[in-house]
Amino acid sequence: MDRDTRENETRRHRIGRAFRRVSREYSPQEEHRLAGHLGALVAFGVYTAAWGTAIGMRKPELSGQHRPTDILFTAAAVFRLGRLLSKGSVTSPLRAPFTQYEAATGPAEVKESPRGGPIRSTVGELVTCPFCLSVWLTTTFTSAHLLWPAATRTVTGGLTALALADTVQLGYDSLTQKNAE
């Protein structure tokens, strides 16, 4: 083994020990998976860089314009799709490899907890958290809008309509329950 290889291995070991020490000091009583979260941050960075590369390659063709309604529709679409993917009973087969079912929590929604080893449980945390998914979904919709504005408006418009329909359904159920009391 040459000197550079030994120095690189020594450096990696020191970084690994330092990271484990920081992780223990950060959360001594419970296992808070900093390594898994670091992996998720790296994955998100790669994901964002891939979108950036795709957009950069088409930059001269892009208008870069977002209408105010695009922002509102994107927000509603991210909200609705984030809830559907992270809490929906119908999407539970997508989360099942990474989660454990706990209970039904509302109309067509379930509560699940992450399970498995470090990677599996980190993915479980991500897929059961609508706030966590919202970051990925916002990046996706915003980037897709730059590349395919008409198609993205169609998708976000449809998801916005679904969010409004769900709001009306929940409002109607609430009113009928209140009148029944």
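In the predicted model, R80 is buried, its relative accessible area being 14%, and its side chain forms a salt bridge with D166 in which the closest N and O atoms are 2.4 Å apart. This pair links distant parts of the chain, since R80 belongs to helix α3 and D166 to helix α7, with their positions 86 residues apart in sequence. The acidic partner D166, at a relative accessible area of 23%, is partly exposed, because the buried class ends under 20%.

The salt bridge between R80 and D166 is one of five found in a search of the whole structure. Another is formed by R153 with D70, for which the closest N and O atoms are 2.8 Å apart. Here R153 lies in helix α7 (residues 149-180) and D70 in helix α3, so that the pair ties together parts of the chain that are 83 residues apart in sequence. In this pair the acidic residue D70 is buried at 6% relative accessibility, whereas R153, at 24%, counts as partly exposed. A further salt bridge joins R95 to E112, with the closest N and O atoms 2.4 Å apart. This pair also links distant parts of the chain, R95 being in helix α4 (residues 92-95) and E112 in strand β2, 17 residues apart, and both R95 and E112 are buried. As a general point, side chains of opposite charge can pair when their charged atoms come close.

Helix α3 also takes part in the nonpolar interior. The largest nonpolar core has seven residues, namely A77, V78, L81, L133, L137, F141 and L159, and the elements that give two or more residues to this core are α3 (68-87) and α6 (130-147). A second, separate core has five residues, among them W51, I55, A144 and L147. Within the largest core, the surroundings of A77 can be described in detail: apart from its neighbours within four places in sequence, A77 is in contact with G82, F141, T156, L159 and T160. In soluble globular proteins, nonpolar side chains tend to be buried together.

Nonpolar side chains are also found at the surface, where F19, L38, L41, V42 and V46 make a patch of about 460 Å². Helix α2 (residues 34-57) gives the most to this patch, with four residues. One residue of the patch, V46, lies in helix α2 and is exposed, with a relative accessible area of 55%; this value places V46 in the exposed class because that class begins over 50%. Helix α2 also holds A40, which at 29% relative accessibility counts as partly exposed. When neighbours within four places in sequence are left aside, the contacts of A40 are with T122 and W136. The C-alpha atoms of A40 and I55 are 22 Å apart in space, for a separation of 15 residues in sequence, and I55 is one of the residues of the second core.

In helix α5 (residues 118-127), S121 is buried, with a relative accessible area of 2%. Residues up to four places away in sequence not being counted, S121 touches R33, P114, R115 and G116.

The backbone at A108 calls for separate comment, as the phi angle of this residue is near 60°, a positive value in a residue other than glycine. Most residues other than glycine have a negative phi. The residue A108 is placed in the loop between β1 (99-106) and β2 (109-114), and A108 is exposed, with a relative accessible area of 55%. Strand β2, which follows this loop, is also the element that holds E112, the partner of R95 in the salt bridge described above.

With regard to cysteine, the count of disulfides comes to zero. Two cysteines were nevertheless assigned to accessibility classes: C129, at 18% relative accessibility, counts as buried, whereas C132, at 31%, counts as partly exposed. The two residues fall in these separate classes because the boundary for burial is set at under 20% relative accessible area.

Terms used. Residues numbered from 1 in each chain as written. Predicted model: local features only at pLDDT ≥ 70, side-chain atom pairs only at ≥ 80, totals over all residues. Heavy atoms only, no water. Core = buried A, V, L, I, M, F, W, Y, C linked by side-chain atoms within 4.5 Å. Buried < 20%, exposed > 50% of the residue type's maximum accessible area, 1.4 Å probe, protein only. Contact = heavy atoms within 4.5 Å. Patch = residues over 30% accessible without salt bridge, like charges linked within 9 Å, V, L, I, M, F, W, Y side chains within 5 Å. Areas by Shrake-Rupley, 256 points an atom, 1.4 Å probe, with all protein chains shown as cover. Salt bridge = Lys/Arg side-chain N within 4 Å of Asp/Glu carboxyl O. Disulfide = S-S within 2.5 Å.
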